[in-house]
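Colleague: I would like to learn how to read the contacts between chains in a model of this kind, and how to read the relation between the copies. Could you take me through it with the structure in view?

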Amino acid sequence: MKTRRDVLRTGAIALGGSLLPQRVHASTTPSLRTPLPGHATPGLPDHVTPVVLPNGTKLPYVMDGGVKVFHLVAQTVKREFAPGMVVDAWGYNGECHGPAIEVVEGDRIRVLVTNELPERTSVHWHGVRLPNGMDGVAGLTQPHIEPGDTWAYEFTLRQQGTLMYHPHSDEMLQMAMGMMGFFIIHPQQPRRPRVDRDFAIFLQEWFVEPGTSTPDPMVMLDFNLFTFNARAWPGTAPLVVRTGDRMRVRLANLSMDSHPIHLHGVSFNVTGTDGGPIPSTAWWPENTVSVPVGTTRDFECVFDEPGDWALHCHKSHHTMNPMGHQLPNMLGVDQSAVAERIRKHLPGYMPMMETGMGNMHEMGRPKNTLPMMTGDGPFGPIEMGGMFTIVKVRNELPRGYDEDPGWYAHPPGTVATKIG
Amino acid sequence: MKTRRDVLRTGAIALGGSLLPQRVHASTTPSLRTPLPGHATPGLPDHVTPVVLPNGTKLPYVMDGGVKVFHLVAQTVKREFAPGMVVDAWGYNGECHGPAIEVVEGDRIRVLVTNELPERTSVHWHGVRLPNGMDGVAGLTQPHIEPGDTWAYEFTLRQQGTLMYHPHSDEMLQMAMGMMGFFIIHPQQPRRPRVDRDFAIFLQEWFVEPGTSTPDPMVMLDFNLFTFNARAWPGTAPLVVRTGDRMRVRLANLSMDSHPIHLHGVSFNVTGTDGGPIPSTAWWPENTVSVPVGTTRDFECVFDEPGDWALHCHKSHHTMNPMGHQLPNMLGVDQSAVAERIRKHLPGYMPMMETGMGNMHEMGRPKNTLPMMTGDGPFGPIEMGGMFTIVKVRNELPRGYDEDPGWYAHPPGTVATKIG
Amino acid sequence: MKTRRDVLRTGAIALGGSLLPQRVHASTTPSLRTPLPGHATPGLPDHVTPVVLPNGTKLPYVMDGGVKVFHLVAQTVKREFAPGMVVDAWGYNGECHGPAIEVVEGDRIRVLVTNELPERTSVHWHGVRLPNGMDGVAGLTQPHIEPGDTWAYEFTLRQQGTLMYHPHSDEMLQMAMGMMGFFIIHPQQPRRPRVDRDFAIFLQEWFVEPGTSTPDPMVMLDFNLFTFNARAWPGTAPLVVRTGDRMRVRLANLSMDSHPIHLHGVSFNVTGTDGGPIPSTAWWPENTVSVPVGTTRDFECVFDEPGDWALHCHKSHHTMNPMGHQLPNMLGVDQSAVAERIRKHLPGYMPMMETGMGNMHEMGRPKNTLPMMTGDGPFGPIEMGGMFTIVKVRNELPRGYDEDPGWYAHPPGTVATKIG
């Protein structure tokens, strides 16, 4: 396998230009292979609000003449979904999902793709208008990229929007393993109104047999892990926003199901897709945006109430961590006699689901498996998992957007009250 | 557990106001706990057409100063899905789903919530803009409501639309058991055009093992009962409309699947979501509106043809009652020899599905289980189940909207005709 | 059973008009029962671009006075999904799905329906505004059509759009067997901008046990075959388009799942549903249009880049042919020792899925079963199946639209390149 330096040099030769970096826009990174943090501002013009990827990263680049040069490395990676659970996934540049590529309309870009996977791959630029031979459909528009090889894609961006990249070679398996990333193209001219906060979250679902660590790519329906940027609650970072900020959230979905993402505390407009901005005459107001498979959805809103507002998938099983769907239905069944007998042999045994599931976050589970419902909030257990996070809206953020401001302190008299 | 009187008095003390009813807007109900019928008009201004809930109910209120006071009681309830099948569900105020809360933009409301379930709960006001502490996310914005306790929520309504309420505590189980209701906010100023008929239907799916009565809340995919306002065809009430009426239907979905609801006889516009009214420039004409999970959809139309027009989910398994999905495929298999032998021991035995399923509504089934396809129409068996009802459109309704006008009498020469 | 001539004569008597053909608009067909090819132009006005059904057909008609007379014959049919796999389906006029009915706003039409199935049926005109008795809901608006019988429907078209027909009698089974067709109504006045190419594709999913040939109509979720116009890749015909052409694609879905159809190379606007044209103020730009069950979606676009552009469902399992979902997860498991031992008895044995699935198109399979991933492209195996085809966009089409122009010849320097 070639070194990065070799690849860059070879790339320069193959494509007829010099790849020696002329101006490094991503000066905080020691290498093109090493992703930037999710809140980095990789050389964007002043009119652009950089996107923030909670729990995610961005891909750095170097300039080669007028060309932004990126380097994606397809790899097996270990990804912690939440404290206590590490998954053997596939991704790019040591990350799962892959680092976001964040560019500007009019940019010419070159993406080097090195395949360090055990099988061949390719990269398709989902939604990007480009020459047919750069489309990345292995077999149809190019050969497969064999393990160990490096290929170059190069094209000029003629659009704006929230796009994606993913393999188009054994794509069912490779996407099930986590191989995907954002490809975000900012407009050349400022769009109005300007957004103050711009987040991007990739939705994904997985089946990992409890007690194991490798996703099962053959599963079509019965998934048991549901993630935001490949993290499951309580492993998901909050979105930090100021009251009055205009917030955009970009959602992407390459799983097998649509995910209806629900935001508490405010209504929003759906303002964009992977096809680009939706004209404002066509905006729909929503509290929940259903993100179909193979699409992205942008929404925008302004909070006028501070607080800790939940943001989650509204399919109720998608805000749970692994649970057995094959258990007998014990709801309402009096298990006291049998529980008594079991406790003689197993002190502390608790009958399951007799009155509901609200106590099941306290139950035992196999190693490397998340509790089904978990996460302590300021008022007790939150009893969620999976696709769940919190938008923390504050009137003041003394330490800025990049620090979790902690739990919201409700003004007296504004919380639901026990009266009997 | 406190009595209702205690709860009201305690509420008054806790919230600093008097809860003695000053003006009873729901004079037909003896108690705040007892729901009103689905076509009640609970103290709405003249410009509002009250919503009708086929097979459903509404929550009454009393005024406390300028505050509308409601009382939701979370309970286990028995619900008849259709004649011959009663389900042990969970709901509110003896009903499943819960009674609709129907209010007006600008109202200040107080909702007392008493938990008579065997486990803790909370109430989230889906899509309502309110102070964070009133959002009902147990653990995050308030403690869980323990069994036997009563809590008060209070907020002012700053929007209009078709919203919902449901638990945000063990919510996967509690919603699977049926805990949800409409929260409909009428606009303060009349919207144009005025609707003549305004219906609301909650979509839900369940798994009840044939022969049992308790829904299995662990089921994620393989549901076997599909309901409109917790009723399955032929248990669903018709929607009665006059030719030329402007009809609105509000659909809500807190199940695990999107439900594409199809209306015969007319095209409609999708005019609202739980985010509020859709501007008319953004309306889509449809014959089928897909209602994603965690959303509501309003549509509006005017029938110019009288008749009995079907309204149903277009996922074909969702217009069936329980059937075994694990049966071997006998379609086209000649079972005559084996049927002959079986009939020696079991007179009248009929081979299954040899030529299709059109005869299966006549087959035997376990106790407390609905026939798979059922319902006799004016022209023979309708062969449907589940999410199916009929919009009865008539030029004249001598006995008004609240009485089923019977089957449509087709004018001669307007019915498909056998010609050979 | 009556002959076609009898049926027509009887129809004439029953309906009071003469059915002797006055002007045959479909002169290329010897019989009303025999479908026209998918690119036929059945007597349409000059301002209309006729629809093309890749791998599909259209229904001919004869004129009876001012009435267009069609004849649908419900039948069991054999359908080749792709070379090597024939399915025992149900359909119309020897075809599965049924031939498209392509008519014009203002037309008066009569459709004779003969039932040659082993069970009763009916035909519902999905989305068509008509007298209630012509709606085809067996039991509700007419009796069921018994085997051997012929019925007549007659109505005048008062709308335009991409509609459908399908049974409304044992409809779950009959639709699962493939009984459905397009019902396309062109506008009376030209719509602007005119489209140059207008395609129609019916989406369907099936479960056919590998090695058998009859779809299992009881399957609700776990389908294993996914088709465009009842063909699976590599059996799907390409869509041939010129650079700069305005292309419309009409998608219809009567399966059990939404299908997000993704087009490479260009963004499109969603311009219509079965409810009719969407006003342009409400158009959404997309790269993937999710087609909900029980709906149609039209989209329009103009390619500015020639090439071979993939068009496929973005649910990754829907671009696969049958595979076992119950296999153990062998990804990353070293099977070399056990493979060595198996090869002693079974020379050539290849361990499955150890490094991925990219090699599984080479594996053995039961008779009458398609390879999971298949189809050779100009650059190697395409590794897809199911709902996949190619839009072939060319600057010049010397032999016209109706001939496959072969693989795209990429100009030098426009294909992704191996550089290391």
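Modeller: What follows goes through the interface of chain B and chain A and then turns to the symmetry, and throughout it should be kept in mind that this is a predicted model.

Colleague: How many residues of chain B are in contact with chain A, and what area is buried between chain B and chain A?

Modeller: The size of an interface is often given as the accessible area lost when the parts come together. Here 71 residues of chain B are in contact with 66 residues of chain A, and the area buried between the two chains is about 5500 Å², with carbon and sulfur atoms giving 61% of it. Of the area that chain B buries against chain A, 15% is supplied by Leu140(B), Met172(B) and Met218(B), which is more than any other three residues supply.

Colleague: Which polar and charged interactions does the rule find across the interface of chain B and chain A?

Modeller: The rule finds 6 salt bridges across the interface of chain B and chain A, and it also finds 26 residue pairs in polar contact, both residues being at pLDDT 80 or more. Asp149(B) forms a salt bridge with Lys418(A), where the closest N and O atoms are 3.5 Å apart. By class, the side of chain B that touches chain A is made up of 36 nonpolar, 23 polar and 12 charged residues.

Colleague: Which strand of chain A pairs with S9(B), and in what sense?

Modeller: Strand S26 of chain A, residues 417–418, pairs with S9(B) in the antiparallel sense over 2 bridges. Within S9(B), Ala152(B) is the bridge partner of Thr417(A).

Colleague: What turn and what shift along the axis lay chain B on chain A?

Modeller: Two copies of a chain are related by a rotation about an axis and a shift along it. Chain B can be laid on chain A by a turn of 120 degrees and a shift of 0.0 Å along the axis, with an RMSD of 0.0 Å, and that is the relation of a three-fold axis. In chain B, the C-alpha nearest the axis belongs to Ala282(B), 2.4 Å from the axis. For chain C, a rotation of 120 degrees with 0.0 Å of shift along its axis gives the superposition on chain A, at an RMSD of 0.0 Å, and the C-alpha of chain C nearest the axis is that of Ala282(C), 2.4 Å from it.

Colleague: Why are the surfaces through which the copies meet said to be different?

Modeller: Only 6% of the interface residues of chain B are also interface residues in chain A, so the copies meet through different surfaces.

Definitions and conventions. Residues are numbered from 1 along each chain as its sequence is written. Chains are lettered from A and ligands numbered from 1 in the order in which they are written. This is a predicted model: local features need pLDDT of at least 70, side-chain atom pairs count only at pLDDT 80 or more; totals for chains, interfaces and linings use all residues. Side-chain values use heavy atoms; hydrogens and water are left out. Contact means heavy atoms within 4.5 Å. Buried area is the accessible area (1.4 Å probe) that two parts lose on being put together, summed over both. A salt bridge is a side-chain nitrogen of Lys or Arg within 4 Å of a carboxyl oxygen of Asp or Glu. A polar contact is a pair of N or O atoms within 3.5 Å; within protein, one must be able to donate a hydrogen and the other to accept it, and residues adjacent in sequence count only if both atoms are side-chain atoms. Ala, Val, Leu, Ile, Met, Phe, Trp, Tyr, Cys and Pro count as nonpolar, Asp, Glu, Lys and Arg as charged, and the others, Gly among them, as polar. Two strands pair if DSSP finds at least two bridges between them. Helices (H or I, at least four residues) and strands (E, at least two) are DSSP runs, numbered from the N terminus. Copies are superposed by least squares on the C-alpha atoms of residues with pLDDT of at least 70 in both.
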